[in-house]
Amino acid sequence: MKKLGIWFVIILIALIIQTSCLGIFFPPHIKPDLLLAIVISVALLYGKEAGFFTGLFAGILQDLISGNIFGLNALSKMIIGYTLGLIESQVFKENTLLSIVSAIIATFFNAAFLSLFIYLLNYKIEPFYFFINHFILNLILNIIITVPVHHSLHKFFVKNKKN
């Protein structure tokens with residue numbers, strides 16, 4: 001129960017940083033997704049169930065705060081967490097390349113999923129503009145942020161496993 005409370009606090013802190021502090025340094029819709037980085041790390045460190053529930057919880061909080069279509073972030077992050085969690089037992093958890101590749105895959109899937117649903121709901125979306133001005137920049141920022149987040153959470157994971 002204590003571990004669950006710690007993860008709850010980590011996700012809340014990331015949400016606060018993502019929604020308040022990062023808005024100062026980045027324009028709207030172009031900023032790293034800290035919650036996605038946490039979902040990636042939890043899935044790779046703890047497996048599919050933890051990735052699933054972390055993605056669901058982080059996505060619901062993000063949906064509540066963002067005011068966008070409720071459930072899209074939750075569904076996207078939940079699928080990402082579960083899918084990446086499937087390889088948890090087959091990878092070296094401290095591998096930097098693993099976090100980079102996972103960030104690329106997760107960012108691509110997240111953007112494609114959200115874009116598809118926005119398109120299906122008949123919102124106007126310019127694919128080329130979206131790809132260049134949102135996806136590429138968010139991808140770069142997510143890669144940059146996922147590596148230190150994953151290494152920090154891995155150290156936390158190792159420390160808590162010994163206790």
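Let us start at Ser41, which sits in helix 2 of this predicted model. Is Ser41 buried or exposed? With a relative accessible area of 0%, Ser41 is buried, because the cut-off for that word is under 20%. Setting aside residues up to four places away in sequence, Ser41 is in contact with Val149, His150 and Leu153.

Two of those partners lead us onward. Val149 and Leu153 are among the residues with the most contacts inside the largest nonpolar core, together with Ile11, Leu35 and Ile38. This core has 17 residues. Which helices supply at least two residues each? They are helix 1 (2-25), helix 2 (34-46), helix 3 (48-66) and helix 6 (127-162). Helix 2, where we began, gives the most to this core, with seven residues. As general background, nonpolar side chains in soluble globular proteins tend to be buried together.

For a look at one member of the core, try Ile11. Not counting residues up to four places away in sequence, Ile11 touches Leu35, Ile38, Thr54, Phe57, Ala58 and Leu61. There is also a second core, separate from the one above, with nine residues that include Leu36, Ala43, Leu44 and Ile80.

Ile11 also helps us see how two helices meet. The axes of helix 1 and helix 3 come within 11 Å and cross at roughly 35°, and this crossing is right-handed. From helix 1, the contact is made by Phe8, Ile11, Leu12, Leu15, Gln18 and Thr19. Helix 3 answers with Thr54, Phe57, Ala58, Leu61, Gln62 and Ile65. By class, the residues of this contact of helix 1 with helix 3 are eight nonpolar, four polar and no charged.

Now return to helix 2 and follow it to another partner, helix 5 (residues 96-120). Their axes come within 10 Å, and the crossing angle is roughly 125°. That angle makes helix 2 oblique to helix 5. The crossing of helix 2 and helix 5 is right-handed. Which residues make the contact? On the helix 2 side they are Leu36, Ile40 and Leu44, and on the helix 5 side Leu98, Ser102, Ala103, Ala106, Thr107 and Asn110. Sorted by class, the contact of helix 2 with helix 5 has six nonpolar, three polar and no charged residues. You may recognise Leu36 and Leu44 here, since both are included in the second core.

Thr107 of helix 5 gives us a path to Phe135. Phe135 lies in helix 6 and touches Thr107, Phe108, Ala111 and Phe130, again leaving out residues up to four places away in sequence. How many residues along the chain lie between the positions of Phe135 and Phe108? The two are 27 residues apart, while their C-alpha atoms are separated by 7.6 Å. Phe135 has a relative accessible area of 9%, so Phe135 is buried, given that the cut-off is under 20%.

Our last stop is the loop between helix 5 and helix 6, where Asn122 is found. Is Asn122 buried or exposed? Asn122 has a relative accessible area of 73%, which means exposed, as the cut-off for that is over 50%. The backbone of Asn122 is worth a glance too: its phi is near 65°, a positive value in a residue other than glycine. So the tour that began at Ser41, with its relative accessible area of 0%, ends at Asn122, with 73%.

Key. Residues numbered from 1 in each chain as written. Predicted model: local features only at pLDDT ≥ 70, side-chain atom pairs only at ≥ 80, totals over all residues. Heavy atoms only, no water. Core = buried A, V, L, I, M, F, W, Y, C linked by side-chain atoms within 4.5 Å. Buried < 20%, exposed > 50% of the residue type's maximum accessible area, 1.4 Å probe, protein only. Helix = DSSP H or I, 4+ residues; strand = E, 2+ residues; numbered from the N terminus. Contact = heavy atoms within 4.5 Å. Axes fitted to C-alpha atoms, helices over the stretch in contact; angles between N-to-C directions. Parallel < 35°, antiparallel > 145°, perpendicular 65-115°, else oblique. Left-handed = near helix turned anticlockwise from the far one by under 90°. Nonpolar A, V, L, I, M, F, W, Y, C, P; charged D, E, K, R; others polar.
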